[in-house]
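Please walk through this protein one piece at a time. Keep the sequence and the 3D view side by side as you read.

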Amino acid sequence: MDLTIRIPRPDDWHVHLRDGAMLEAVVGYTASRFRYAMIMPNLNPPIATTELADRYQKRILRAAGNQSPEFQPLMTVYCSTNLDQDDLIRGHEAGIVKAVKYYPAGATTNSDHGGDNILNFIDLFETMADQKIPLLVHAESTNPEIDLFDREAAFLEQELHPLCEQVPNLQVTVEHVSTSVGVDFALAHQRVAASVTPHHLSRNSSDLMAPEFDPDLFCKPIINSEADRQAIVSVVTSGNPSFFLGTDSAPHPTSEKYGEEAKAGIFNAAYGLEVVAEIFAKENRIEHFSSFASKNGAAFYGYEPSQDELLLTRKQVDVELASTLSTRDGDKVVLFGRDEASHWTVSPI
Ligand code: NCD
Ligand code: ZN
């Protein structure tokens, strides 16, 4: 089917831009399409203070250059026992820090400085609720006895639900929701929303595992069952305001994806928008695409949608699209979503 749609310039509410040569290689993909980008703090060492967030934001803007005047990185700080509440409050009041990101220690890439249990940070979260600082949560249990595919549900039940009961005014985002349990959780809790990735919307655990394990689809939380994918697609394409796009674009060099141990993370900043547009088009719900990509997240975080617009047109593109990028250090990164992107063109208006 051919179709054309105009949407306010979208926001990416969850993205990893890395640093150094990788930052230089990837930032343009995000900056050329997205307005706001919620920048994840899991560098090594983590972005854990206002000062580090401020310096990282400047590096991002320098790397982005002045091609994309609307692009604005929104900075987050990493939740650990070292987080200084006064520094956080100052950083938030100064407009530098927009949110705090919680990682369970060991759950994903560069999460070693995270927490053992989210309930250990109640005191911090009470301060954040008072100051209206949102908490972004990687909701995945690290208990090795829990099946990998059940870890989001376990975390939500054992840690995030009690937290929401104890600090009901805290604004919480379940990041990269991956299961029907996660969808239901966001629907059931008033101050909770969920970001959703292109890959959890478009792939399932069979794509990941069969005919053989595909490192290019390996990410955390793990891509779950087809029933889970359908639950996510259904709520997102309904236009429900508690769900919005966070690509979780997370580049890793192929040397680290195809080595002994595959690093978790999928680079989808290049074609993620097309992957999402294709889902909405297939579901016959293209009228809700702009809510998901450009409006719901902005409303949740207290912003107006962009005045700027993008034009997306669906028709077979004849040019051969790139399947990898290279950094100036000679690393290669695989671009997720090339098949979907071959059906679309995306351009500013
Ligand atoms: C992310 C990364 O590589 O930084 N990886 C991932 O699989 N999503 C971290 C994260 O968000 O979990
Ligand atoms: Zn992430």
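What follows goes from a metal site to a loop, then to two helices and a few unusual backbone spots.

This is a predicted model. Start at the zinc ion (ligand 2). Its protein donors are His14 (NE2), His16 (NE2) and Asp248 (OD), and they lie 2.0 Å from the ion. How are the four donor atoms arranged around the zinc ion? The angles they subtend run from 94 to 134 degrees, which makes the arrangement tetrahedral. Four donors count as tetrahedral if all angles lie between 85 and 135 degrees.

Now look at where the donors sit in the chain. Their spacing in sequence is H-x1-H-x231-D. His16 belongs to the loop between β2 (12–15) and α1, while Asp248 belongs to the loop between β9 (243–245) and α10 (254–257), so this pair ties together parts that are 232 residues apart in sequence. Are these two residues buried or exposed? Buried means under 20% relative accessible area. His16 has 6% relative accessibility, so it counts as buried. Asp248 is also at 6%, and is buried.

Next comes Asn42. Find it in the loop between β3 and α2. Its relative accessibility is 4%, so Asn42 counts as buried. Which residues does Asn42 touch, leaving out those up to four places away in sequence? They are His16, Arg18, Tyr78, Tyr103, Thr109 and Asn110. So one of the zinc donors, His16, is among the contacts of Asn42. Thr109 offers a polar partner too: its backbone oxygen lies 3.1 Å from a polar atom of the Asn42 side chain.

Arg18 is another contact of Asn42. Arg18 lies in the loop between β2 and α1. Its relative accessible area is 13%, so Arg18 is buried. Its backbone deserves a look. Phi of Arg18 is near 60 degrees, a positive value in a residue other than glycine.

Move on to helix α2, residues 50–64. What span should its 15 residues have? At 1.5 Å a residue, the expected value is 21 Å, and the end C-alpha atoms are 21 Å apart, which agrees. The buried residues of α2 are Thr50, Ala53, Tyr56, Gln57, Ile60 and Ala64. Seen down the helix axis, they fall within an arc of 125 degrees, so they line one face of α2. What covers them includes α1 (20–31), β3 (36–39), β4 (72–78), α3 (85–93) and β5 (97–102). After α2 comes Gly65, with a positive phi near 70 degrees.

One of the covering elements, α1, holds Thr30. At 0% relative accessibility, Thr30 counts as buried. Beyond its neighbours up to four places away in sequence, Thr30 touches Val15, Leu17, Ala37, Phe71 and Ala269. Compare Thr30 with Ala64: they are 34 residues apart in sequence, and their C-alpha atoms are 9.0 Å apart in space.

Finish with some backbone details. Lys132 has a positive phi near 60 degrees and is not glycine. It is found in the loop between α4 (122–131) and β6 (135–137). With 67% relative accessibility, Lys132 counts as exposed. Then come two cis peptide bonds. One joins Ala210 and Pro211, with omega about 5 degrees. The other runs from Lys220 to Pro221, with omega near -10 degrees. Where do the two prolines lie? Pro211 is in the loop between α8 (205–209) and α9 (226–237). Pro221 is in the loop between α8 and α9 as well.

Definitions and conventions. Residues numbered from 1 in each chain as written. Chains lettered and ligands numbered in written order. Predicted model: local features only at pLDDT ≥ 70, side-chain atom pairs only at ≥ 80, totals over all residues. Heavy atoms only, no water. Helix = DSSP H or I, 4+ residues; strand = E, 2+ residues; numbered from the N terminus. Expected span 1.5 Å × (residues − 1). Buried < 20%, exposed > 50% of the residue type's maximum accessible area, 1.4 Å probe, protein only. Arc of directions from axis to C-beta. Contact = heavy atoms within 4.5 Å. Polar contact = N/O pair within 3.5 Å; in protein donor to acceptor, adjacent residues only side chain to side chain. Donors = N, O, S within 2.8 Å, 3.2 Å for Na, K, Ca; no water. Tetrahedral: all angles 85-135°; square planar, octahedral: opposite > 155°, others 65-115°.
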